[in-house]
Amino acid sequence: MKHQVIQRVVTYSPSPSLSCSHFAPQAPQVALASTAGGTERSESSSKLLRGVHISAQLLEDFLQLAGANTSNDLETCGVLGAFLKEGTFYATTLVVPKQESTSSSCLAVNEEEIFAIQNERSLFPVGWIHTHPSQSCFMSSIDLHSQYSYQVMVPEAIAIVLAPTDKTRSYGIFRLTDSGGMSVLRECREDGFHQHNDPSDRTPLYEDCSHVYINPNLRFEIFDLRQ
């Protein structure tokens, strides 16, 4: 049996000596993620979900890794892996896969490399992150289908959109609504950019997450497989 060799560049935060620990201590600085300029949260289905902790530094580091693509008006995407401890998910691994990008889409290739890293660490695929280099902060129809594939596996899965040129909202942390968005996407057979029907219960297709916490103590590692 041949063993797959994955070429990867690994970075750690805050340092390699600390990255080995999967313990993410609770601290007073842990805070519910803000909507970053979005609308006020309404009654959200995500209130029933297990919490997801993520580091704000991870978002900053990803945006830096995406810098060259952003300058060339190309999207960049990454996949979040989390471990589950006492009913809470801690996002400790970001995989930036080989990918094909345009100004309005990003497709991961060689996805078996992502699965290999997550399986090595017994991580849950707790969501994904991508940039909108020249667009506003929202979820496109393609983004909604991508999110469905994560959320159908892990209900707590999140979609992080970073929009560095959006002057009113630089980032958003979203999920499909349980009653409306998940139902619509489950029945949709279209691909590419297209219009979705409004949910029959008149809820939005997606919403700001209310189960995500910014944890400054959270240690994480990034695997950049594009090298």
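Start with the residues that line the second largest pocket: 8 are nonpolar, 1 is polar and 1 is charged. This is a predicted model, so read everything on the tour as computed from that prediction.

To light up this lining, select Ala56, Leu59, Glu60, Leu63, Leu162, Ala163, Pro164, Ser170, Tyr171 and Ile214. The volume they surround is about 160 Å³. Now colour helix H2, residues 56-65. Helix H2 supplies the largest share of this lining, 4 residues.

**Next stop: the largest pocket**

Move on to the largest pocket, with a volume of about 510 Å³. To centre your view, pick Ala108, Glu111, Ser146, Ser149 and Tyr150, which are the closest to the pocket centre among its 22 lining residues. Then show the elements that each give two or more residues to the lining: strand S4 (77-85), strand S7 (106-108), helix H4 (111-120), strand S8 (124-131) and helix H5 (141-151). Which of them gives the most? That's H5, with 5 residues. Colour the whole lining by residue type and you get 12 nonpolar, 7 polar and 3 charged.

**Into the sheet: strand S5**

Keep S4 on screen, since this strand of the pocket lining also pairs with S5. Select S5, residues 88-96. Is this strand buried or exposed? Switch on a surface and look: 9 of its 9 residues are buried, so S5 is largely enclosed by the rest of the structure.

Now go through the partners of S5, one strand at a time.

- **S4.** The pairing with S5 is antiparallel and runs over 7 bridges. Put Lys85 and Thr88 on display, as Lys85 stands opposite Thr88 in S5. The two strands form a hairpin, with 2 residues between them. Stop at Glu86 in the turn, where phi is positive, about 50 degrees.
- **S3.** Select residues 52-54 for this strand, which runs parallel to S5 and is joined to it by 2 bridges. For a landmark, show Val52, which has Phe89 of S5 opposite.
- **S13.** Select residues 220-224 and you'll find another parallel pairing with S5, this one over 4 bridges. Zoom in on Thr93 and its bridge partner in S13, Glu221.

While you have the strands up, turn on side chains and look along the sheet. In a regular strand, they alternate between the two faces of the sheet.

To finish, show S4 together with the largest pocket: S4 gives two or more residues to that lining, and S4 is also the strand in the hairpin with S5.

Note on methods:
Residues are numbered from 1 along each chain as its sequence is written. This is a predicted model: local features need pLDDT of at least 70, side-chain atom pairs count only at pLDDT 80 or more; totals for chains, interfaces and linings use all residues. Side-chain values use heavy atoms; hydrogens and water are left out. On a 1 Å grid over the protein atoms alone, a cavity is a set of points where a 1.4 Å probe fits but cannot get out, and a pocket is an open set with protein on both sides within 12 Å along at least five of seven lines; lining residues have an atom within 4 Å of a point. Grid points are joined across faces, edges and corners, and a volume is the space filled by probe spheres set on the points. Ala, Val, Leu, Ile, Met, Phe, Trp, Tyr, Cys and Pro count as nonpolar, Asp, Glu, Lys and Arg as charged, and the others, Gly among them, as polar. Buried means under 20% relative accessible area, exposed over 50%, partly exposed in between (1.4 Å probe, protein chains only). Two strands pair if DSSP finds at least two bridges between them.
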